[in-house]
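Welcome! Please open the structure in your viewer and keep the selection tool at hand. We will go from one stop to the next, with something to select at each.

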Amino acid sequence: MSGVKRKRNVLNVKQKLEILQKLANGESASTDAKDVLNERNTISHSAALQSVETLLDYMGQREFDYCDITAVRKICIDIRQEMNKQQKQRLITDFFKRQILKG
């Protein structure tokens, strides 16, 4: 196995700051850290959205076909819907966690 490089999972600065803020607020951040580290080959929704929006800008400058631009816009909508769905799920989960801690 010599010569084989092992990919290290490292939190970026933004992720570290978010986890530190949660810890400062008395919240548990261990799950967040594990989730980030388990997302080896995934891209965040915000990064995907930014990439697709950049592609839209490029397509607009190059005067791509309207149907192609519409298809890419649909991808943006799908990403935003998924982001909203996950945000709602986090809010619900956080609400129930707080209720359990109170009770």
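## The whole chain

Start with a cartoon view of this predicted model: read along the sequence, the chain runs α-α-α-α. That makes four helices and zero strands. Now switch on the surface. The accessible area of the chain is about 9100 Å², and carbon and sulfur atoms account for 55% of this area. Of the 103 residues, 13% count as buried. Among contacts in the chain with a separation of 6 or more, 49% are between residues 24 or more positions apart.

## Helix α4

Next, select residues 66-102, which form helix α4. How far apart are its end C-alpha atoms? They are 54 Å apart, and this agrees with the expected span because 37 residues at 1.5 Å a residue should also give 54 Å.

Stay on α4 and show the side chains of Ile 69, Val 72, Cys 76 and Ile 79, which are buried. Their spacing is worth a look: an α-helix has 3.6 residues a turn, so residues three or four places apart point the same way. What covers the buried residues of α4? The cover includes α3.

## The core between helices

Keep those four residues shown and add Ala 48, Leu 49, Val 52, Leu 56 and Met 59 to the selection; together they make up the largest nonpolar core, with nine residues in all. The elements giving two or more residues to this core are α3 and α4, and α3 supplies the largest share, five residues. As a general background, nonpolar side chains tend to be buried together in soluble globular proteins.

Now centre on Val 52. Leaving aside residues up to four places away in sequence, Val 52 touches Val 72, Ile 75, Cys 76 and Ile 79.

## Ser 46

Move to Ser 46, a residue of helix α3, which covers residues 45-61. Is Ser 46 buried, partly exposed or exposed? Its relative accessibility is 42%, so Ser 46 counts as partly exposed. Its side chain is joined to that of Ser 44 by a polar contact of 3.3 Å. Then select Met 83 as well: Ser 46 and Met 83 are 37 residues apart in sequence, yet 8.1 Å apart in space, C-alpha to C-alpha.

## An aromatic pair

For the last stop, look for rings. The structure holds two aromatic pairs. One of them is formed by Phe 95 and Phe 96, edge-to-face, with 5.4 Å from centre to centre and 75° between the planes. Phe 95 has 40% relative accessibility, so Phe 95 counts as partly exposed.

Terms used
Residues are numbered from 1 along each chain as its sequence is written. This is a predicted model: local features need pLDDT of at least 70, side-chain atom pairs count only at pLDDT 80 or more; totals for chains, interfaces and linings use all residues. Side-chain values use heavy atoms; hydrogens and water are left out. Buried means under 20% relative accessible area, exposed over 50%, partly exposed in between (1.4 Å probe, protein chains only). Contact means heavy atoms within 4.5 Å. Accessible areas come from the Shrake-Rupley method with a 1.4 Å probe; for residues, only the protein chains shown count as cover. Rings of Phe, Tyr and Trp (its six-membered ring) pair if their centres lie within 6.5 Å; planes under 30 degrees apart count as stacked, over 60 as edge-to-face and the rest as tilted. A polar contact is a pair of N or O atoms within 3.5 Å; within protein, one must be able to donate a hydrogen and the other to accept it, and residues adjacent in sequence count only if both atoms are side-chain atoms. The expected span of a helix is 1.5 Å times one less than its number of residues. A nonpolar core is a set of buried Ala, Val, Leu, Ile, Met, Phe, Trp, Tyr and Cys residues joined through side-chain atoms within 4.5 Å.
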